[in-house]
Structures are given as structure tokens and as C-alpha cells.
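Visitor: Please take a close look at a single part of this structure and explain what surrounds it. I should like one connected account.

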Amino acid sequence: MPIKKAAPTPKYKLGERIMEAPKSSFSKQAESAPRKGIIAEEPFNKPDTRGATRFHYKVKWDNGRTEIYNQARLRREEV
């Protein structure tokens, strides 16, 4: 008998302050400061290339740009 998993829930809410997750890099260049912004719209599920669904968020960065980001690429802003 298959085990039923609980429905996934989004990690962040509308209007919450977030920052871009650090990227792993083996280069010797100095890392730039992570971008910061707010969640602009409710999260939505979108399938990745393997078919697994992931939460995506529309993020309004502090510089004024708006982009769609995967939940795994975001972190809560550190105060």
C-alpha cells in the first residue's frame, strides 16, 4: 500500500523580505553582496525539466527589477 505524502506548502508568503541564496563557486573572485527584495505575488507551482513541481515566486528586487525565482534559490533576509 503506497504511503500518501502531505501536500507541499510554500516556504515564503506574499510581502516577505527575502534574499538570493549564495551560489557555490570555486573561483577566486570576491563574492558580491546577495540581492534583496520582497515576494511580489503568491507562489505558483511549475514543473521542472524532470517533471517534478517546484514553488516559484515573483520577486521584486530592491533595484526595481522583477524576476521569477525557484524556492530553492531564495532565503529569508537576515536582519
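Guide: A residue is called buried under 20% relative accessible area and exposed over 50%, with partly exposed in between (1.4 Å probe, protein chains only). This is a predicted model, in which local features need pLDDT of at least 70 and side-chain atom pairs count only at pLDDT 80 or more, while totals for chains, interfaces and linings use all residues. Residues are numbered from 1 along each chain as its sequence is written, and side-chain values use heavy atoms, with hydrogens and water left out.

The part chosen is strand β4, which comprises residues 53-61. Strands here are DSSP runs of type E with at least two residues, and helices are runs of H or I with at least four, numbered from the N terminus.

Let us begin with the aromatic rings. Rings of Phe, Tyr and Trp (its six-membered ring) pair if their centres lie within 6.5 Å; planes under 30 degrees apart are stacked, over 60 edge-to-face, and the rest tilted. Two aromatic pairs are counted by this rule. In one of them, Tyr 12 and Tyr 57 have ring centres 5.6 Å apart, and the pair is edge-to-face because the planes stand at 65°. Tyr 57 belongs to strand β4, whereas Tyr 12 comes from the segment before β1 (17-20), so this pair ties together parts that are 45 residues apart in sequence. Tyr 12 and Tyr 57 are both buried.

The other pair joins Trp 61 and Tyr 69, whose ring centres are 5.3 Å apart; with an angle of 85° between the planes, this pair is also edge-to-face. Trp 61 counts as buried because its relative accessible area is 2%. Tyr 69 has a relative accessible area of 8%, so Tyr 69 is buried as well.

His 56 is another residue to examine in strand β4. Its relative accessibility is 11%, and therefore His 56 is classed as buried. A polar atom of the His 56 side chain lies 3.1 Å from the backbone oxygen of Arg 54. Contact means heavy atoms within 4.5 Å. Setting aside neighbours within four places in sequence, His 56 touches Pro 43, Phe 44, Lys 46, Ile 68, Tyr 69 and Asn 70. Tyr 69 thus appears here among the contacts of His 56, and also as the ring partner of Trp 61.

We may now turn to strand β5 (residues 66-70), where Glu 67 is placed. At 19% relative accessibility, Glu 67 falls in the buried class. Beyond its neighbours within four places in sequence, Glu 67 is in contact with Tyr 57, Lys 58, Val 59 and Trp 61, and with Arg 35. Tyr 57, met earlier in its ring pair with Tyr 12, is therefore one of the contacts of Glu 67 too. A polar contact is a pair of N or O atoms within 3.5 Å; within protein, one must be able to donate a hydrogen and the other to accept it, and residues adjacent in sequence count only if both atoms are side-chain atoms. The side chains of Glu 67 and Arg 35 make such a contact, at 3.0 Å.

Consider next the loop between β3 (44-47) and β4, which holds Ala 52. Ala 52 is partly exposed because its relative accessible area is 25%. Apart from neighbours within four places in sequence, Ala 52 has Lys 46 and Pro 47 as its contacts. Lys 46 is also among the residues that His 56 touches.

Two residues elsewhere complete the picture. Ile 3 lies in the segment before β1, and its relative accessible area of 78% is why Ile 3 is classed as exposed. The C-alpha atoms of Ile 3 and Lys 46 are 24 Å apart, with these positions 43 residues apart along the chain. Lys 23 lies in the loop between β1 and β2 (36-39) and is exposed, with a relative accessible area of 54%. The C-alpha atom of Lys 23 is separated by 8.6 Å from that of Arg 73, although the two are 50 residues apart along the chain.
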